[in-house]
Every structure is written in C-alpha cells, then in structure tokens.
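Student: I'm new to this one and would like some help reading it. Can we go through it together?

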Amino acid sequence: MAHPVRVRFAPSPTGLLHIGGLRTALYNYLLARQTGGTFILRVEDTDQTRYVTEAEADILDSLRWVGLDIDEGPGAGGPNQPYYQSQRSALYRQYAEQLIEAGHAYYAFDTPDALQALRERGDGNTAYNTATRGAMRNSLSMSSEETATALQSEPYVVRLKVPQGQTIAFEDAIRGTVSFQSDVLDDQVLLKSDGLPTYHLANVVDDHHMSITHVIRGEEWLPSTPKHIALYNAFGWTPPQMAHLPLILSPTGGKLSKRNADKMGIPVSVRQYREAGYLPEALLNFLAFLGWNDGTERELFRLDELVQAFSLSRVGTTGAQFSMDKLQWYNQQYLMAYTSAELAALARPLVDAAGYTITDDALEQVAAMTRERVVFVSDIVGNYAYFFEPPTAYNAKGVKKRWKADTGSLLAAFGQQLLEAPLETAKAAHDAVHGFVAEREIGLGKIMAPLRLALSGEMGGPDLFEMLAFFGAEETVRRINLAAERIGS
RNA sequence: GCCGCGUUCGUCUAGGGGUCUAGGACGCCGGCCUUUCACGCCGGUAACACGGGUUCAAAUCCCGUACGCGGUACCA
C-alpha cells in the first residue's frame, strides 16, 4: 500500500470493444476510483496484421458511453506518452538489447518452417526451450562471427532465455498461489522480425515504466504470467500484483467468442448493446456481477456504488455464463427507475425517427403509462405504437372472445356520450364508463375489453381509463369507428 | 498430448469445519393485486461432480478420478 494504485486497461485494437473487455476495464476502473488511484488506457497495437482502424475509436467511444473515464491515455494525456505501443518501439528494442547483453536473451534466426517442424515432432516438447535451443540457429548455438553475419543478412527475432529447473510462483489476488515449472515454458519471442515487440515484452516494459501496481486481466493470460515473471526477474524488476479474472462464457459453456456468441444470438461488442437499447448502468451492473458480488443480497449497484463496494478479494474463480435474461432484467430495473420525463427524453429520438408527431407533454404521458411495461426504451415505439397511430390489427383471440354482435352499437353509443361530455382525466373516464354501464345495466366486461381492443388492438396494456383520458373523445371515437369497420358488426 | 485454472439449483451466486432440513437473484410454475397486461407481493420448482481420506462433525480441509475451460504463435 506504499504506492498509489495505478491500473491499466490495455486492449488490442483488433475489433470493436468486446463485452469481456469492458468488464476487465470496469474492474480496473473500480479499483482505481475506490483507492483514489489512476486508471490508464494503453493501446496494445503491436500486431500490424490484425490492426483494425475503427477499433480504437470504438474503444474510446464505448468507455465514454458507459462512463469509465480514463486518467491517462489517448485523448487524456499523461506523463507516459505515447500510450500507443506502436509508437514506443525504440524503448522495447533498447530493453531487448539490454537483456541480450546481460545474457538473458538471444538472437534467433529460425524460419517459420523450421519451428513448425519442431512442434510436430510430437514428443511433448515445446518448440523452443532449454532442451531444444541448442540445436537451433541462434546466437547461443552459433559463433559470434556467424551471428554477426546473420544479423546483417537474415530476419531475426530476440528470444528470452528461460532459466532451467526453476519453479516460478506468484500470488494471484484472486486465485492465491499459482506456480509453474520453468522447463515447460517456451523461449518466448520478445522482439519480432518486424522489429516490433510481442505482447509479453511490451506489456512488461510498459507496466514497469508506467508504475502499474495491479495487473487485472482475463484468465486467458494466466498461462502467460510465468513468462512475464521470468521477464521481470531478468530485468531485476518487481512484478506488480497479479489478478486474473474468471472468463465470461457463452450460455452453452464455451468461450464467448464472436462466432460462438453470434450463433446464440448474443452480441459480443459493446456497441451492439448500445444500439440494442441497453442502458450503460444496466450493462455495467450486469457485467460487474459476472464474477463478483458484495456478499450481501443486494444486486442493484450503479457505477459510483460499485466503486464503493468493489473488492478484488470477492471476485470469484469460476467462469460465468452470460445470461441475456438477467441482463434484460437489469435493464428493466434501471428503466423503471427513470422518471416519466427522463424516459420520454430517451424515447424522443426513437419516436421522431419512426416518423411520429407528438408533443413533449403527450410523450411524457405515454412514458408514464409504459414505464413499468418496457424492457427497452424502443419498446415504446415497438410494443406501444398504438399510442402514436391507430392499430391496424386486432388481437384475434380477444376479438373472438370479447367482440360480440352488439359490441359495435354499444361502443358507438359510448362514443356519442363521450363527444357530448368530453373526458379529460382518468377519473372522468372512469366515471363515464361506469355511468354508461350502470345506465344500461350491463357488465363492465361488455365495454372495457372491446374499448381496449378498439384503442390498442391488444388485450393487455396500461390502465384503460388513463388511455381514454390520453386519447380524448375525438380520437377514441375515431378508433371505435375504425375498429367497427375492420372487425365488423 | 503437455501445462494451468476451475467444479453449490437450468443460469449468476451466498456460504470457507457444527448456525445448511444449503440462503438470494434471473428464468420457469402457481396465487394475490388488476374485470386487462405489466409492476409489486406471496408461494413453489431446483444444487454441494464422483471416490477415498482427516475429524466427534465436511458443501466447507487433503488426495485421487471425472468433467469443463484456458494456454501451448514472430496474436493479443
């Protein structure tokens, strides 16, 4: 606790920000904010072949959308610029050379084919390690003259000389002690033949340079960690605290890969959730709970509340399957927490885009009526389009059950009554309907269900009297006539 | 294959030797409210992977097995 917490989210710009990446970013952010530490964004763009131009903007957009503001990084500045690894090549090269001079790394000249052949021997040995490196073409097996010549004329990489017969152990904040035998480790490539570093080198150098105190990342990195520890050791640096998060799994169990998820109809990029109408607070809350809980029975936490409650020690070790149902529940919970005015404001652009004309006041009334019935804001224009235009279809089951031979004339008479004494409030509508049935000595069912059908085409929905007050006498009569025409009798 | 990590209701999980006839949430199924739907409330369904130990006592500790997942690249 001597050093202030400094954490980083270090995505590779190979595509749209992944939902799992967002959770990693979230946990890093939570720890930083909780401790008054620093949240850094670093772009790990060292693989030129997988670079996707839109990716970086999408990562930035997505983080901004959910409200994970970064303290250092692209767009935010900071003392360790640049925050793009592709722009820090000189630094990595310098450190690679330092390692070579110290005898912890070496040059290797093997062709991809030669390495492939090694792997395919099938004797269980890794391609390039303490047992095999002596037989390969590298500065360990070649004379210094040969090496110097090769350096001039051939492509080469720099590899870490993994020490032999060591146990490499580290304390993971989530999993406790994890240990590996160094002999099973590959002599990791540090510098690729294109001169750029691999993840392993760049990551270790940058984490050290940026004084990162906690490395919080996905469990898929756990097997790489001993390589990183070996690197820290070679440099003589102290490794940061490691914390490996459980994986987010697809509902069928496998990794939530793009292909796997698409098959299940599950979006994997944050942008898709945004476009589908999920609220940032719902997505964040849901994601936070994929692998973490505060130990109480509370499940609703907004971002600032997560900051308060979060702790690395309460993060679980088991992979968590993604559940669309649970996410939707969260979305509904947060949607219900909005006031009608707020909900109306959220719905406004969708309403306009659908080509409907409605005043702000009226839209707020619609929001009030639908608030507890929608999972997405877009449901207002989807499931409740009848608030904006008369229904074009009528629930067949409902019509069969509730629309009798005398319904048409009954509704017409009710409509007539409305025009004579227009209703303005739900209370007035209530009284009008009750007065109407009392006078005629008929049941409420004779009029309420058909009225609802005429107004909305549906059998369920918001309170009928509120709807009547909303539509007013003229529109109600119009819809009664339309329904009578279309349904008949 | 090898290395690593994991395994409590269908799913997310609480629980870390006795308080567990295992708690909560989502989903599902009933009921109440509402002459509707939803919300809300009440109730139900459903789990400690298996086998050995250790212990007076094990979901909880140890070992093994099985299964799942991850890694095994000049990708991150």
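Student: Let's begin at the RNA. How many residues of the surface near RNA strand B are nonpolar, polar and charged?

Tutor: Sort them by side-chain type and you get 20 charged, 18 polar and 18 nonpolar residues on the surface near RNA strand B. Keep in mind that this is a predicted model.

Student: Which residues are the closest to RNA strand B?

Tutor: A residue joins this group if one of its heavy atoms lies within 4 Å of the strand. Here 56 residues surround RNA strand B, and the closest are Lys-192, Glu-372, Arg-373, Leu-444 and Met-459. On the RNA side, 75% of the atoms that come within 4 Å of the protein belong to sugar and phosphate.

Student: Which elements supply at least two residues each to that surface?

Tutor: Three strands and two helices do: β4 (157-160), β6 (176-181) and β11 (320-321), plus α12 (324-337) and α19 (445-456). Helix α12 gives the largest share, with six residues.

Student: What about individual atoms? Which part of RNA strand B does a polar side-chain atom of Arg-50 lie 3.2 Å from?

Tutor: A base oxygen. Gly-445 also has a base oxygen of RNA strand B 3.0 Å away, but there the protein partner is a backbone N or O atom. For Glu-219, a side-chain N or O atom is 3.1 Å from a sugar or linking oxygen of the strand.

Student: Now the whole protein. How many helices and strands does chain A have?

Tutor: Chain A has 20 helices and 11 strands. To judge how spread out it is, set its radius of gyration beside the globule rule: 32 Å is well over the 23 Å given for 489 residues, so chain A is more spread out than a compact globule. Its C-alpha trace spans about 110 × 50 × 35 Å along the principal axes.

Student: What share of the residues in chain A is buried?

Tutor: Buried residues come to 51% of the 489. As for the accessible surface, it totals about 22,300 Å², with 49% belonging to carbon and sulfur atoms.

Student: Let's try one residue. Is Ala-432 buried or exposed?

Tutor: The cut-off for buried is under 20% relative accessible area. Ala-432 has 14% relative accessibility, so it counts as buried. You'll find Ala-432 in helix α18 (residues 426-440).

Student: Which residues is Ala-432 in contact with, leaving aside its neighbours within four places in sequence?

Tutor: Phe-414, Gln-417 and Leu-418. Take Leu-418: it is 14 residues from Ala-432 in sequence, and their C-alpha atoms are 7.7 Å apart.

Conventions: Residues numbered from 1 in each chain as written. Chains lettered and ligands numbered in written order. Predicted model: local features only at pLDDT ≥ 70, side-chain atom pairs only at ≥ 80, totals over all residues. Heavy atoms only, no water. Polar contact = N/O pair within 3.5 Å; in protein donor to acceptor, adjacent residues only side chain to side chain. Helix = DSSP H or I, 4+ residues; strand = E, 2+ residues; numbered from the N terminus. Nonpolar A, V, L, I, M, F, W, Y, C, P; charged D, E, K, R; others polar. Rg over C-alpha atoms; globule rule 2.2 N^0.38 Å. Buried < 20%, exposed > 50% of the residue type's maximum accessible area, 1.4 Å probe, protein only. Areas by Shrake-Rupley, 256 points an atom, 1.4 Å probe, with all protein chains shown as cover. Contact = heavy atoms within 4.5 Å.
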